[in-house]
Amino acid sequence: MQFLLKFPQTLIINIIVIIVLPHISLTWDLSVLKISPTYYASSVAVYKNRVFLALPRSSCFNNLTNPTLIEAPWFNEGKYGLFRKKMYPHYKEQKWGSCKDHQDVVSIDLDPKKAKLWVLDRGNRKCLPKIVIYNLHYNTIGQSCKLSDDLIIGEKLSVLVVDPIEDNIGKKAYIGGLDNHILIFSLRGLKLWKIQVLNPVDLNLSISTSSLAISTIESVLFLSGISDINLHSFNLTILKHYHEIYSNKKEVYLQINITTIGEKLGPSSSMIADSGSALYYYLIRDYAVVKWNSSTPLIAENHNVLMQTYEALPYVSQIFYGPKDTIWALVNPWKPQTCQDFKRNTFPLDKTSPKLKSRIVKLGQR
């Protein structure tokens, strides 16, 4: 087997390479909604046999008249159910420019124990960004909260992850995308925390937060992004102390130090932590999903390559959990900025770009 992944400093290492080839076509035909096959999907969440997809309208692959949050079927034993035009939430309730509706859904996450879907809608110039939480048992909106702080730049918000552990602060979600900042949204009292993350060794270090992942065994939040080759961590246990001090405030602004763990193998677009000590992320320039043992140093020798192929993984926008503790990749035919590069004539149109047979690829068990 040819080993394609290139590591810096010409290291000679032994790495397990596992190629997982999709045996059936796992994709969604959205033509019933007049959505192009090249649509860009930024995020996905699976609940039983239901799949929810975020189709951000801020991507120039997508149309402002199309829905930005849709429901589709999950497959069962290699077979797909029929796509339902009557989906939830209904596409007619997602009108562009109507601030009560969804405007630009960029990230979603699931709280499976309570059957709740958390949705990050970054709004637009007219409408404020918001978080909407759906109760999937009853197909109703449970809570909705606008993120009205003047310092929140909605167009930069990119990712939301729900903390599986509920403590004295309540159920929480972490929101990334703002440089050197993360937002913490507490469902109890609809409280918003804005945290400026700093590296105590280098206070001027730019810290990207466009990729977030939670390690539940250590109560740690991992931070990184496309623009940051470094991987950082944030100790979540210290929030309990601050909660006691600021429990009577609706909005809290803090500066908290993070730890810079080291350098990833390259720029990455998505991360996820399993129930053990592993962290998975997608290497953009190598078209590969790798697995790092977070209990070991962040070096090439401690990585496994789960899959590497341009044909199947031209761009992974999210690594996510599927049914029965499976791990999957949400695949797009293009990077989200590719069509913008076309318009600026800085990126050649490649007619040989992959025609994806699968929009999701199984990577293994967590």
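Okay, let's start with the cysteines: there is one disulfide in this structure. Keep in mind that what's on the screen is a predicted model. The disulfide is formed by C99 and C127, and their sulfur atoms are 2.1 Å apart. Which hand does the link have? With -85 degrees about the S-S bond, the link of C99 and C127 is left-handed. As for where the two ends sit, C99 is in the loop between β5 (79-80) and β6 (105-111), and C127 is in the loop between β7 and β8 (130-135), so the bond ties together parts that are 28 residues apart in sequence.

Now, are those two cysteines buried or exposed? C99 has a relative accessible area of 28%, so we call C99 partly exposed. C127 is at 2% relative accessibility, and that makes C127 buried. While we're on cysteines, C145 is buried too, with a relative accessible area of 14%. The cut-off for buried, by the way, is under 20%.

Right, on to the aromatics. How many aromatic pairs are there? The count comes to six. One of them is W118 with F185, an edge-to-face pair with 6.2 Å centre to centre and 80 degrees between the planes. That pair links distant parts of the chain: W118 is in strand β7 (residues 116-121) and F185 is in strand β12 (residues 181-186), 67 residues apart. Both W118 and F185 are buried.

Then take F222 and W292. Their ring centres are 6.4 Å apart and the planes are at 75 degrees, so this pair is edge-to-face. Again distant parts of the chain get linked, with F222 in strand β15 (residues 220-225), W292 in strand β21 (residues 288-293), and the two positions 70 residues apart. F222 and W292 are both buried.

One more ring for you: Y39. The charged end of R359 sits over the ring of Y39, 4.4 Å from the ring centre.

Let's go back to β12, the strand that carries F185. β12 is mostly covered, with five of its six residues buried. Who are the neighbours? On one side there's strand β11 (residues 172-176), which pairs with β12 in the antiparallel sense over four bridges. Here Y174 stands opposite I184 in β12. β11 and β12 make a hairpin with four residues between them, and G177 in that turn has a positive phi of about 130 degrees.

β12 also pairs with strand β13 (residues 191-198): six bridges, running antiparallel. In this pairing our friend F185 stands opposite L192 in β13. β12 and β13 form a hairpin as well, with four residues between them, and G189 in the turn has a positive phi of about 80 degrees.

Quick reminder for anyone who lives in the cold room: strands of a sheet pair through backbone hydrogen bonds, either parallel or antiparallel.

So, two open sheets to look at. There's one of three strands, in the order β1-β2-β3, with antiparallel pairing. Its edge strands are β1 (43-47) and β3 (69-73), each pairing on one side only. The twist in this sheet averages 25 degrees from one strand to the next. Strand β2 (residues 50-54) is joined to β3 by five bridges, and the two run antiparallel. L53 stands opposite I70 in β3.

The other one has four strands, ordered β19-β20-β21-β22, with antiparallel pairing. Here β19 (268-273) and β22 are the edge strands, and each pairs on one side only. Neighbouring strands of this sheet are turned by 20 degrees against each other on average, ignoring direction. You've met β21 already, as the home of W292. Five bridges join β21 to β22, and these strands run antiparallel. The bridge partner of V290 is V305 in β22.

Last topic, the inside. In soluble globular proteins, nonpolar side chains tend to be buried together. Here the largest nonpolar core has 23 residues, and L313, I319 and L363 have the most contacts inside it. Which elements give two or more residues to this core? They are β20 (278-283), β22 (303-308), β23 (315-321), β24 (326-332) and β25 (360-365). There's also a second, separate core of 21 residues, which includes Y174, I214, V252 and I258. That Y174 is the residue we saw standing opposite I184 in β12.

Okay, that's my tour. Over to you.

Definitions and conventions
Residues numbered from 1 in each chain as written. Heavy atoms only, no water. Phe/Tyr/Trp six-rings, centres within 6.5 Å; stacked < 30°, edge-to-face > 60°. Buried < 20%, exposed > 50% of the residue type's maximum accessible area, 1.4 Å probe, protein only. Lys NZ or Arg CZ within 6 Å of the ring centre and 35° of its normal. Pairing = 2+ DSSP bridges. Axes fitted to C-alpha atoms, helices over the stretch in contact; angles between N-to-C directions. Core = buried A, V, L, I, M, F, W, Y, C linked by side-chain atoms within 4.5 Å. Disulfide = S-S within 2.5 Å.
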